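Me: I am new to this one. Please take a close look at a single part, the place where two helices meet, and then work outward from there.

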Protein chains: 2
Amino acid sequence: MSGIVGTPRHPITAQVVASFADAPPRLREVMSALAEHLHRFVVDVRLTPEEWRVAIALLTATGHITSEERQEFILWSDALGVSMLVDALEHDLPPGATESTVLGPFYVPDSPMREYGANIASQPAGDPAWVSGRVLTTAGDPIAGAELDVWQNGDNELYAVQDADAPEEHLRARFRTRDDGTYGFIGVRPVPYRIPSDGPVGRMLQATGRHPWRPAHIHLIVRARGYRTLTTHIFDSTSEHLDADAVFAVKPSLLRAFVRRSADDPAAPPGIAGDWYSVENDLVLAAGTAGEPADDGRTA
Amino acid sequence: MSGIVGTPRHPITAQVVASFADAPPRLREVMSALAEHLHRFVVDVRLTPEEWRVAIALLTATGHITSEERQEFILWSDALGVSMLVDALEHDLPPGATESTVLGPFYVPDSPMREYGANIASQPAGDPAWVSGRVLTTAGDPIAGAELDVWQNGDNELYAVQDADAPEEHLRARFRTRDDGTYGFIGVRPVPYRIPSDGPVGRMLQATGRHPWRPAHIHLIVRARGYRTLTTHIFDSTSEHLDADAVFAVKPSLLRAFVRRSADDPAAPPGIAGDWYSVENDLVLAAGTAGEPADDGRTA
């Protein structure tokens, strides 16, 4: 409890902490600290019964809006900076390894496996973008057979799970790196978007005068046996809102240039028509164990 | 932020607090303090991504088990002592006023109005108990027309909302005090019970080695125009678990004796057959405004 000095403890806090005396050590530590900090929050702001009721109602509404396709609890964690804080504490990365950032509320497991070069847009969704690079060790060696799990929004701002008019598998896919560690696929240039504003988190943002915008990005999870699983973004380095991401997830090392290319550029990959963009992004994995189960808090 | 001294703030915390700079003053205070304390909790215990996922999954499960009849978020608040803490901070009561305690997760609004002396048990539910007393001002004057909203469990431990075999209106009712401030009804002697253990709170209690028992009690809300609404219990003064209530809600001033009476006791009220109990409980309201809306966080 190193962080707690100052305000004397309320007697009720002592009772609650004592109730965890027989818990296994780590659970005792976590639950006791949760009670200490939650109680100190309540005491510091002198939370009123009416405010407590509003909090219960907000949590209840959060629970009821949360589904297979919508994870409003993760959105709270993101919007309160908790997701990035957990990420920051965990990631004591070796030099050169790619930094991580939030998972976000729109991840859907089991995206379709696709081949090198495939187009992940099932329907028109903006300016085509060739996204490519290598998955590497911190020593610079290629990692063959690594899995890239990618998802992104289209120029209507929406992810497929938010968009009734889009096929389920629109703008999401999994790929395996080739023997030389390379990957490549056709996506679209992502656009800034607003985090969902029709739920409790949206009400909080509006009530507090916060904007809901996130800078443009593509999501990636990279998994390979013998390496720590990496959850990250490619941020468009010229996007708006990079300095004020609604979920505090921008790290300068994750910014990449989307380079404009003309229709007749000889490097145009098969399947692209008209003007396009390219973005290069190597992903460097830290050695370790995956350790991250597929369960991300969604309930069946 | 008087309560926060010690551990240096994480840079992410500063970003999140700054994001609330334009909120209305009270909301800025509450949200900033929430971010500060939540972040310090995460930093103090160095919450791991896996623990974060467990927390998201628990909150998600809490949301999904919460319904019209089941309020698992209130149960968390109760089981973590937050409900009693909010209660303790709010209630700066004048001398002599009856103390308050938790609402609990089983309150159902709009119980049927019943007449003085009515039996609230729709079916056999334990030893009959004559519950009576007066609603009074702190000066000792009777308050006529005050509303008593009562609910309790039966000897199967269950509240009607938990019990598929009980009519909806079993063991719950509203009464108005008579001109002399008196109320009286036939309930049953309450029994200790376990808070629901089939949801996330139950899993927490089991994992931490905490017991789920609450001492025997009857719930009351008393409402009268011109007085502060009182949410309280009558605790059976001889119950087990008075020294270790799972929700930390016992206050010594709320203990009352359930007096055993024989079937031929001349004081037996109409409608009681066999041996019975009586409990006397005056309820003293503090002057003020009701200020407590009926909304208790349940969603429609």
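Reply: Helix 3 against helix 3

Helix 3 of chain A and helix 3 of chain B lie roughly perpendicular to each other. That word covers angles of 65 to 115 degrees; under 35 counts as roughly parallel, over 145 as roughly antiparallel, and the rest as oblique. Helices here are DSSP runs (H or I, at least four residues), numbered from the N terminus.

This is a predicted model: local features need pLDDT of at least 70, side-chain atom pairs count only at pLDDT 80 or more, and totals for chains, interfaces and linings use all residues. Residues are numbered from 1 along each chain as its sequence is written, while chains are lettered from A and ligands numbered from 1 in the order in which they are written.

Back to the pair. The angle between the two helices is about 90°, and their axes are 8 Å apart. An axis is a line fitted to C-alpha atoms, for helices over the stretch in contact, and angles run from 0 to 180 degrees between N-to-C directions. Which residues of helix 3 of chain A and helix 3 of chain B make the contact? Chain A brings Thr62(A), Gly63(A) and His64(A). Chain B brings Thr62(B), Gly63(B) and His64(B). Contact means that C-beta atoms, placed from the backbone, lie within 7 Å. The residues of this contact are 6 polar, with no nonpolar and no charged. Ala, Val, Leu, Ile, Met, Phe, Trp, Tyr, Cys and Pro count as nonpolar, Asp, Glu, Lys and Arg as charged, and the others, Gly among them, as polar.

Now the symmetry. Chain A superposes on chain B by a rotation of 180° with 0.0 Å of shift along its axis, at an RMSD of 0.0 Å. That is the relation of a two-fold axis. Gly63(A) has the C-alpha of chain A nearest the axis, 1.7 Å from it. The fit is by least squares on C-alpha atoms of residues with pLDDT of at least 70 in both copies.

Next, the whole interface. Here 70 residues of chain A are in contact with 71 residues of chain B. On chain A, helix 1 (11–19), helix 2 (25–45), helix 3 (49–65), helix 4 (72–79), helix 5 (82–90) and helix 6 (200–208) each supply at least two residues to the side that touches chain B. Helix 2 of chain A gives the most, 16 residues. That side of chain A has 36 nonpolar, 22 polar and 12 charged residues. The copies meet through the same surface, because 100% of the interface residues of chain A are also interface residues in chain B.

One pair inside chain A is worth a look. Helix 4 of chain A and helix 6 of chain A pack at about 30°, their axes 9 Å apart. They are therefore roughly parallel to each other. Helix 4 of chain A contributes Glu72(A), Leu75(A), Trp76(A) and Ala79(A). Helix 6 of chain A contributes Pro200(A), Val201(A) and Leu205(A). This contact has 6 nonpolar residues, no polar and 1 charged.

Last, the domains. An automatic or database assignment sets the bounds. Chain A is given domain 1 (11–65) and domain 2 (72–285). Their centres, taken over C-alpha atoms, are 35 Å apart. Domain 1 of chain A puts 4 residues into the contact and domain 2 of chain A puts in 5.

Key: Contact = placed C-beta atoms within 7 Å.
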